[in-house]
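Colleague: Before I set anything up with this model, I'd like to go through how its labels were assigned. Can you show it to me?

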Amino acid sequence: MATTTLPETEIEITPKNPAVKYVYFFGGGKADGNGKMKDELGGKGAGLAEMTNAGLPVPPGFTIQTEACREYMRHNQVSSEVDRQMEEALQHLEQLQGQKLGKGDNPLLVSVRSGAKFSMPGMMDTILNLGLNDQSVEALARRSGNPRFAYDSYRRLIQMFGNVVLEIEKAEFEKVFDAKKKQKKTKLDTDLDAKALKEVIAEYKKVVKKHAKRDFPQDSHEQLVMARDAVFRSWNNDRANHYRRINNISDELGTAANVQAMVFGNLGETSGTGVGFTRNPATGTKEFYGEFLMNAQGEDVVSGVRTPVPILELQKIMPDVYNQLRDITTRLEKHYRDMQDFEFTIQEGKLYMLQTRNGKRTGLAAVRAAIQMVEEGLITKEEAIFRVEPNQLYDFLVPRLDEKKAKVEVLATGLPASPGAAVGQIVFTADEAVTKAGHGAKKNPVILVRGETTPEDIHGMEVAAGILTSRGGMTSHAAVVTRGMGKCCVAGAGDVQVDEHAREMRVKGQVFREGDWISLDGTTGRVIRGKLNTLDASPDDPELTKFLSWAEPFRKIGVRANADIPRDAIQARAFGAEGIGLCRTEHMFFAEDRIPHMRAMIMADNEKDRRAALKKLLPMQRSDFAGLFRAMEGLPVTIRLLDPPLHEFLPKREELMVEIAVLQATKPKSPKLKELKTILRRVEELHEFNPMLGHRGCRLGITYPEITEMQARAIFEAAVAVEKDGVKTHAEVMIPLTATLKEMANQAAIVRRVADEVFAEKKKKVHYLVGTMIELPRAALVADEIAKEAEFFSFGTNDLTQTTFGFSRDDVNKILPTYLSEGILKQDPFAVLDREGVGELVRIGIKLGRKTRPKLEVGICGEHGGDPSSVEFCHQVGMDYVACSPFRVLTARLAAAQAGASDKLKVEGGRTK
Ligand code: PEP
Ligand code: MG
């Protein structure tokens, strides 16, 4: 603990550095810091300083800056200089208030809150009422004339301190509290009187002693030091770590700790507390939005013990305070030039501002608010472009809740694990989900509610409209699986208690049973009572169109989609794709009517038989390609020749062995047995330990040239046929996994020869290019050679990442979580392009390629093509286009536009984090 005196030998690792200003005071109309100092003070601390300087009513206090947290992370303690400066600030605060922390007739009480540079709502810890102990609680009771309030504040402190600082499970305290309510036969927390609360306090102290093996600290200074350190530790809790990962926030930043004089919203009917936004954070509409509770403390508003009241009601209850609040928040919005998210407390009729920050908002709200702020003259169009995170545009592509006419009662907020909306009846097990979800006309939407999901729940998850879990983070099973399924999920909604045996869900003091309706918003993480309507996706939303019309002129690079079938291609065009960057032709072979021909081709042990099987596939491929050409109407369609190893098209070895063993035992004479044995033999011949590096890519086309011939023929026959119908085509034939010029030359020669044959036969030529994927380090390093034959490059950064790191794409998840938590890697390199290593190969590849062929067309088609940070990189290295899955096209368009705009406007992306 930080208060312990350091032994001499440790002085080295915790140097006293009096030059560092660790503690920043605010109060009495002026602050040491200001709103720009988010790096040091965190968003909350900077906001408090700025509001204080602006003369707003802010309870005084001090911010211990992020450097102290970083120090704590390095050495598990802060230096004694931090303690010294904190003590000095505390004395200043005590003087200003005319009170002493936890002492005297009018004890000073403080809150200790986290606050990092980028807001991480609810991820870190807070402690209120600090300074209460067995003596000061009595003083507070006398002073307030309200013993119930005093004891309630004290029991809250023990509970919060016990949980956050001493790491005792919340449930241990809840058990005591619930038992007391039962004993006193009361329903509401507020029904427990002072005497009952005193008894609760005694029990709470026993809980502390039992689980923490120590007494609840009576010394207020000790409480403060311990609370500060716990807030610093909370920077590294699991939720905060997850949050940083998904929001791309560095682990190194650390949080500040804000110590602030308490004001009480629970001092009676002229006191209250609330939270709000200057605009609606779900829709972006300009309206004063929020909720409050009279006679309550902050946590009551969010914990759901009581139902908060819409903020407009405050106008009736306390018109002066309401007007002052509106006035202040309007000023704050103008000052920060962005929508504000604020917290306030009213203590005996006097308003205090506790926090203001740029408000988090959904994608829809971000776009609408950005447009409105431009129209109001608050920001410029150029600034507006950066007020929307590219990933937020995904919200326009998934269904959402229609909140316009509905009464929205938020029951709980969890993690926005998989975006979209889902409305349905609650079920508690996967089996029930299957039974209740029904089929066809009898289909019935269900929401699967679980503590956590496991792989055994998959069948239920598949049929459910949405998933809600009370535990687990953004990478929990539920979150990962639903994102893969494109299904709405709210995960880790801690306020929801799920009792799968009793088939009950408890939240906000209400009980929900199987069959009750709830609505989920996977974009904001909200769980809403009842049955809301949903609205379909709207990529042609007029506000989105307007917003993009401001951003797009800055975009320099093209955006194509990865699509294998016409339906996806059409969808991608609707989202604004300017071509197809990757058609993975192998996906066309897995269809039921094709796989037998594919297998026949693979089973063939001579060229003649192989050609016969390929001939059957030819018309199918031809019609696939024709569909794509038609859908894209003259835009580039990049078609990659067969890539995966052939064994992927055959049944699994183990399954075959089992089937053979069963047949041998039951029907040893069956002709099927012979056939299966032949297949097994071929499977074993083709079996590879590391198929990702094996007989795949252009190696297939080189060893079996007839495959390349058939695919090339299908492409050119389709293109000619489509053009004869008056539709333009632009085929780009792409050779996968090349490493040498000779490989490229070998395959390009086949493609060009077949093209000439088809053109001669059909008496019509079409325009086309032959190029390659660059997905092996060697290819990047000899790109000047390869470019002699390749007319375009497309960086396959999935394989390039795998081969550069030597990680297997399929197995990396076994090690990735450790690598991320240990900080060995900052991000998953398969999601966010590794600029230093893989990125360097990309740079080299482009430079060398263009040395040989200055106009070489260069793009990317790995997963990174839809990731905003990677898109920015692609812009910087001068690619012509990025390609990504259809649902990321909007994101890529905005990310590319922002990259272009930052260049042009020389601004750093001032995004709202
Ligand atoms: C790649 O490797 O980046 C790529 C796009 O190809 P695939 O994912 O099909 O291997
Ligand atoms: Mg690849």
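**The metal site and what surrounds it**

Modeller: Sure. In this predicted model, the magnesium ion (ligand 2) has Glu775 (OE) and Asp799 (OD) as its protein donors, at 2.0 to 2.2 Å.

Colleague: What makes Glu775 and Asp799 donors of the magnesium ion?

Modeller: The cut-off for magnesium is 2.8 Å. The two residues lie 2.0 to 2.2 Å from the ion, so their oxygens count as donors. Water is not among the atoms, so the site may look incomplete.

Colleague: Why do you say the pair ties together separate parts of the sequence?

Modeller: Glu775 is in the loop between strand S29 (768-774) and helix H27 (777-781), while Asp799 is in helix H29 (residues 797-805), so parts 24 residues apart in sequence are tied together. Both donors are buried, too.

Colleague: Which backbone contacts does ligand 1 have with Thr797, Asn798 and Asp799?

Modeller: An oxygen of ligand 1 lies 3.0 Å from a backbone N or O atom of Thr797. For Asn798 the corresponding distance is 2.6 Å, and for a polar backbone atom of Asp799 it is 2.9 Å. The limit for a polar contact is 3.5 Å, so these pairs qualify.

Colleague: How much of ligand 1 does the protein bury?

Modeller: Ligand 1 exposes 290 Å² taken alone, and the protein buries 95% of that. H29 gives the largest share of the shell, three residues. Others around the ligand include Arg584, Arg640 and Cys861.

**Two loop residues**

Colleague: Why is Gly438 called partly exposed?

Modeller: Buried needs under 20% and exposed needs over 50%. Gly438 has 22% relative accessibility, so it falls in between and counts as partly exposed. This residue sits in the loop between helix H15 (430-437) and strand S16 (446-450).

Colleague: And why is Asn248 partly exposed?

Modeller: Same reasoning: 38% relative accessibility is between those two limits, so Asn248 counts as partly exposed. Asn248 lies in the loop between helix H9 (238-247) and strand S6 (255-261). Its C-alpha is 7.9 Å from that of Gln827, with their positions 579 residues apart along the chain.

**Confidence**

Colleague: What is the mean pLDDT of the protein chain?

Modeller: The mean is 90, and 95% of the residues reach 70 or more. Residues 1-16 stay under 50, though, with 19 contacts beyond four places in sequence. Residues 908-913 are also below 50. Where pLDDT is low, the predicted coordinates should not be read in detail.

Terms used. Residues are numbered from 1 along each chain as its sequence is written. Chains are lettered from A and ligands numbered from 1 in the order in which they are written. This is a predicted model: local features need pLDDT of at least 70, side-chain atom pairs count only at pLDDT 80 or more; totals for chains, interfaces and linings use all residues. Side-chain values use heavy atoms; hydrogens and water are left out. Helices (H or I, at least four residues) and strands (E, at least two) are DSSP runs, numbered from the N terminus. Buried means under 20% relative accessible area, exposed over 50%, partly exposed in between (1.4 Å probe, protein chains only). Donors are N, O and S atoms within 2.8 Å of the metal (3.2 Å for Na, K and Ca); water is not among the atoms, so sites may look incomplete. pLDDT is the predictor's confidence in each residue, from 0 to 100. Contact means heavy atoms within 4.5 Å. A residue is near a molecule or strand if one of its heavy atoms lies within 4 Å of it. A polar contact is a pair of N or O atoms within 3.5 Å; within protein, one must be able to donate a hydrogen and the other to accept it, and residues adjacent in sequence count only if both atoms are side-chain atoms. Accessible areas come from the Shrake-Rupley method with a 1.4 Å probe; for residues, only the protein chains shown count as cover.
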